[in-house]
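Me: I have a structure open and want to go through it piece by piece. Can you take my questions as they come?

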Amino acid sequence: MNNILVTRSSMPDFEEYTNEIKDIWQSHWLTNMGVKHQELQKELIDYLDVEKLDLMVNGHFAIELSMQAMNLHGEVITTPFTFASTTHAIVRNGCEPVFCDIDPVSYCIDASKIEDLITDRTVAIAPVHVYGHMCDVEEIQRIANKYGLKVIYDAAHAFGVKYKGHGLGSYGDVSCYSFHATKVFNSIEGGCVCYHDEDFGKTLYQLKNFGIHGPEVVDGVGANAKMNEFCAAMGLCNLRHVDGEIAKRKAVVERYREHLEGVDGLQLSPIQKDMQPNYAYFPVVFDEKVFGSSRNEVFDALAKIGVGARKYFYPLTSSFDCFHGKYDVMKTPIAVRISKRVLTLPLYADLALEDVDRICKVILECKK
């Protein structure tokens, strides 16, 4: 079996992409909110079913600049079971992350534990839709309304997910997506911010463009977070095919479930009620005492045959070396437990079902 990575980027046919970028050679407009940028922005508003949207150079700047545009100062309740970007965006804005434990089934922030963490310094909640699983958006909004808090969703894993027929990006004050090459939908590098408030959008736009307010006015200190035309063109191509890619991912997930559902010592994630999933990741949590082998042993067994599963998310962001001694990770015991037992298996649209069969065979051979 050839080496299999945990993910593989979806790409359009070469001719489709070259045809998409052909007119760039006529215009010589390579960046600065060009035609491709504007077209992709418009199409994503429709696809994601959101009110307003601004494109970004990547998903990290989507989160970081959103927080900056809100002018947050204080504590932000969040999850340690996430990629580095979520926590780092909070810290880089001069705010203090307050880590809430996670739900043991969805692996998203446990909304029932948020209120106990609110203090007079709390200014926002930054939940994460982990693996494409959905946070308890209704309860989180109830809490935010009660205490006057902002809600900034990290929706990097949740492209195309809908809840009760509505785009998941429409929840909260903002929802931030990543279009990184590893995601369900990619623009090579890229991201976006979905939002409602027009004034927030104006501030965000200014921040992503050096603080420039007009041709001769720079009245803010900003960054350079603009998406270029080549990335926007890739996004336009991939958006045409994303529904088909999600359908192929579903077939891979269903094959994994055929082999692994109901196996003692393995926890698989259920499809959440009223949600249209995107099949972004396939996490498996291993109970060593029941299964007979640890997550790490299964990881090593897969690596021996060239399969690159991933310990995702491990370590917790609250235990990163850059925060050494700052946070008590045992305040989030479920997150600690899951992080030491979870393995995300290879999942992408063109993963052969025969390869899924081989991967599952190795996993099941580890059972003792």
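Reply: What follows is a run through salt bridges, empty spaces, backbone oddities and a few single residues.

Me: Before we start, what kind of model is this?
Reply: This is a predicted model.

Me: OK, salt bridges. How many does a search of the whole structure find?
Reply: The search finds 21 salt bridges. One of them pairs the side chains of Glu-20 and Lys-36, at 2.9 Å from N to O.

Me: Where do Glu-20 and Lys-36 lie?
Reply: Glu-20 is in helix α1 (residues 14-21) and Lys-36 is in helix α3, so the bridge ties together parts that are 16 residues apart in sequence.

Me: Are those two buried or exposed?
Reply: Glu-20 is buried, because its relative accessible area is 10%. Lys-36 also counts as buried, at 5% relative accessibility.

Me: Which salt bridge do Asp-23 and Lys-36 make, and how far is N from O?
Reply: Their side chains meet in a salt bridge of 3.1 Å, N to O. Asp-23 sits in the loop between α1 and α2 (24-27) and Lys-36 in helix α3, so far as sequence goes 13 residues apart. At 39% relative accessibility, Asp-23 counts as partly exposed.

Me: What about Arg-92 and Glu-64?
Reply: Their side chains form a salt bridge of 2.7 Å, N to O. This pair links distant parts of the chain, with Arg-92 in helix α5 and Glu-64 in helix α4, 28 residues apart. Arg-92 is exposed, with a relative accessible area of 60%, whereas Glu-64 is buried, with 8%.

Me: And which residues do salt bridges with shared partners join into one network?
Reply: Glu-16, Glu-20, Asp-23, Lys-36 and Arg-240 are joined that way.

Me: Changing topic. How much space lies in the largest pocket?
Reply: About 510 Å³. Its lining has 34 residues, and those nearest the centre are Phe-83, Ser-178, Thr-182, Lys-183 and Tyr-312.

Me: Which elements give two or more residues to that lining?
Reply: They are α4 (59-69), α5 (84-92), β8 (174-178) and β15 (342-345). The most comes from α4, with three residues.

Me: Closed spaces too. How many cavities of 30 Å³ or more turn up?
Reply: The whole structure has one cavity of 30 Å³ or more. The space in the largest cavity is about 170 Å³. Its lining has 18 residues, with His-133, Arg-257, Ile-271, Tyr-279 and Tyr-281 nearest the centre. The elements giving two or more residues to this lining are α8 (229-260) and β14 (282-286).

Me: You put Tyr-312 by the pocket centre. What sort of peptide bond joins Tyr-312 and Phe-313?
Reply: A cis one, with omega about 20°. Phe-313 lies in the loop between α10 (295-304) and α11 (333-339). In the loop between α10 and α11 there is also Pro-315, and the peptide bond from Tyr-314 to Pro-315 is cis too, with omega near 0°.

Me: Why flag those?
Reply: Because most peptide bonds are trans, and most residues other than glycine have a negative phi.

Me: Then which non-glycine residues have a positive phi?
Reply: Among them are Asp-49, at about 60°, and Tyr-131, also at about 60°. Asp-49 is in the loop between α3 (35-48) and β1 (52-56) and counts as partly exposed at 34% relative accessibility. Tyr-131 is in the loop between β4 and α6 and counts as buried at 2%.

Me: Gly-132 comes right after. What is Gly-132 in contact with?
Reply: Leaving aside neighbours within four places in sequence, Gly-132 is in contact with His-157, Ala-158, Val-161, Met-275 and Asn-278. Gly-132 is in the loop between β4 (122-126) and α6 (137-147). At 2% relative accessibility, Gly-132 counts as buried.

Me: And Thr-332, buried or exposed?
Reply: Thr-332 counts as buried, because its relative accessibility is 2%. Its place is in the loop between α10 and α11. Outside the four places either way in sequence, Thr-332 is in contact with Pro-80, Phe-99, Cys-100, Asp-101 and Leu-316.

Me: Last one, the surface. Which residues make the nonpolar patch of about 250 Å²?
Reply: Phe-210, Ile-212 and Val-218 make that patch. Ile-212 belongs to strand β10 (residues 212-214) and counts as partly exposed, at 32% relative accessibility.

Methods
Residues numbered from 1 in each chain as written. Predicted model: local features only at pLDDT ≥ 70, side-chain atom pairs only at ≥ 80, totals over all residues. Heavy atoms only, no water. Patch = residues over 30% accessible without salt bridge, like charges linked within 9 Å, V, L, I, M, F, W, Y side chains within 5 Å. Areas by Shrake-Rupley, 256 points an atom, 1.4 Å probe, with all protein chains shown as cover. Salt bridge = Lys/Arg side-chain N within 4 Å of Asp/Glu carboxyl O. Helix = DSSP H or I, 4+ residues; strand = E, 2+ residues; numbered from the N terminus. Buried < 20%, exposed > 50% of the residue type's maximum accessible area, 1.4 Å probe, protein only. Contact = heavy atoms within 4.5 Å. 1 Å grid on protein atoms, 1.4 Å probe; cavity = no way out; pocket = protein on both sides within 12 Å on 5 of 7 lines; lining within 4 Å. Points joined across faces, edges and corners; volume = space filled by probe spheres on them.
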